[in-house]
Amino acid sequence: MSRQREALTIFTGPMNSSKTRRLLDHLSEARDALEYSISVFKPGTDDRNNDLNQITCRNGGSWCAIPTPRQKNGISSSLYILDCIYKEKRIVKPDLVGIDEVQFFDQDLRDVVKYLINDHIEVAVSGLNRDFRGEPFPAIESLMPLATRIETLTARCTYKNGDRRSCGAPATMTQRLIDGQPASYKCPTVVIEGKDKNITYEARCLDHWFCPDIPQSRLSSYLQK
Ligand SMILES: [Zn+2]
């Protein structure tokens with residue numbers, strides 16, 4: 001089975017858009033077709049499951065992963081990936097590095113991924129493209145110019161209409177809810193679902209994505225002149 005070598009593959013989209021599923025498929029294809037050795041990293045902030053040494057996707061499937069220590073601000077250290085491979089040599093240099101939930105990694109991520117690519121290590125990542133405010137996550141935004149393949153995924157909008165049926169339209173946004181109500185634009189960016197029981201996230205289409213207190217665009221005043 002032939003498989004094209006990619007320098008950096010990005011799987012991105014809103015929550016519940018099967019980003020991790022696609023990443024796991026990609027890793028399996030590389031392992032089966034090219035007999036790649038693969039190492040996978042995940043942020044230490046991800047506590048969707050209790051097994052810290054795995055990444056799992058919501059519709060089944062899992063892969064062993066190295067959790068990356070988080071800093072005080074809840075963001076994971078990207079340099080830890082280089083530490084594991086080159087400094088501490090905790091793992092043998094792999095052919096492919098997978099990174100799940102890249103939105104939770106710090107601003108060194110771009111340089112880390114560049115270093116790996118230049119050292120002939122293929123990289124594949126998954127991550128949210130936008131935060132609950134609809135703003136780009138800096139980590140994934142910084143990786144886009146390095147990518148040789150980008151797969152943008154959509155979910156299904158879970159907004160319930162008056163008849164209690166879900167909207168079901170393609171969802172491109174991630175809605176944060178606090179006690180079931182849309183969260184304000186002024187809330188902090190990184191809050192992990194489940195840690196604070198009253199915070200939940202849903203995939204939404206643009207028509208059903210709400211974010212109170214969005215600051216007026218500077219273009220509004222430009223257009224009014
Ligand atoms: Zn909708």
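This passage describes the strands and helices of a predicted model and how they sit against one another.

Residues are numbered from 1 along each chain, following the sequence as written. Because the model is predicted, local features need pLDDT of at least 70 and side-chain atom pairs count only at pLDDT 80 or more, while totals for chains, interfaces and linings use all residues. The pLDDT is the predictor's confidence in each residue, on a scale from 0 to 100. Averaged over the protein, pLDDT is 89, and 90% of the residues score at least 70. Helices (H or I, at least four residues) and strands (E, at least two) are DSSP runs, numbered from the N terminus. Among these elements, strand 1 has the highest mean pLDDT, 98, and strand 3 (residues 54-56) has the lowest, 77.

A good place to start is strand 7 (residues 122-128). Seven of its seven residues are buried, so strand 7 is largely enclosed by the rest of the structure. Here, a residue is buried if 20 or more other C-beta atoms lie within 10 Å of its own, exposed if 12 or fewer, and partly exposed in between, with C-beta atoms placed from the backbone. Glu122, Ala124, Ser126 and Leu128 point one way from strand 7, whereas Val123, Val125 and Gly127 point the other way.

Strand 7 also has partners, where two strands pair if DSSP finds at least two bridges between them. Strand 1 (residues 8-13) pairs with strand 7 in the parallel sense over six bridges, and Gly13 has Leu128 as its bridge partner. Strand 6 (residues 96-99) is also parallel to strand 7, over four bridges. Within this pairing, Gly98 stands opposite Ala124, and Val97 has Val123 as its bridge partner. Strand 6 in turn pairs with strand 2 in the parallel sense, over four bridges, with Ile38 matched to Leu96. In strand 6, Leu96 and Gly98 point one way and Val97 and Ile99 the other, and all are buried.

The chain links strand 6 to strand 7 by way of a helix: strand 6, helix 3 (residues 109-118) and strand 7 make a right-handed β-α-β unit. Right-handed means that, with the strands pointing away from the viewer, the path from the first strand over the helix to the second runs clockwise.

Gly127 offers a closer look at strand 7. This residue counts as buried because it has 24 C-beta neighbours inside 10 Å. Leaving out residues up to four places away in sequence, Gly127 touches Thr12, Lys19, Glu101, Val102, Gln103, Phe137, Ala139 and Ile140. Two residues are in contact if their C-beta atoms, placed from the backbone, lie within 7 Å. The C-alpha atoms of Gly127 and Phe104, which are 23 residues apart along the chain, are separated by 8.5 Å.

Next come two helices with a buried and an exposed side. The 16 residues of helix 1 (residues 19-34) should span 22 Å at 1.5 Å a residue, and the end C-alpha atoms are 22 Å apart, which agrees; the expected span is 1.5 Å times one less than the number of residues. In helix 1, Lys19, Thr20, Leu23, Leu24, His26, Leu27 and Ala30 are buried. These residues cover an arc of only 155° around the axis, which puts them on the same side of helix 1. Such an arc is that of the directions from the helix axis to the C-beta atoms. Asp32 and Ala33, on the other side of helix 1, are exposed. The cover over the buried residues includes strands 1, 2, 3, 4, 6 and 7. Just after helix 1, Glu35 takes a positive phi of about 55°.

In helix 2 (residues 79-87), Tyr80, Ile81 and Ile85 are buried. They fall within an arc of 130° seen down the axis, so they line one face of helix 2. The face turned away from this buried side carries the exposed residues Tyr86 and Lys87. Strand 2, strand 5 (66-68), strand 6 and helix 3 are included in what covers the buried residues of helix 2. Just after helix 2, Lys89 takes a positive phi of about 50°.

Further along the chain there is an open sheet of three strands, in the order 12-11-13, with antiparallel pairing. Strand 12 (181-182) and strand 13 (199-204) stand at the edges with a single partner strand each, so one side of each is left without a neighbour in the sheet. Strand 11 (residues 173-178) pairs with strand 13 over six bridges in the antiparallel sense, and Gln175 stands opposite Glu202 in strand 13.
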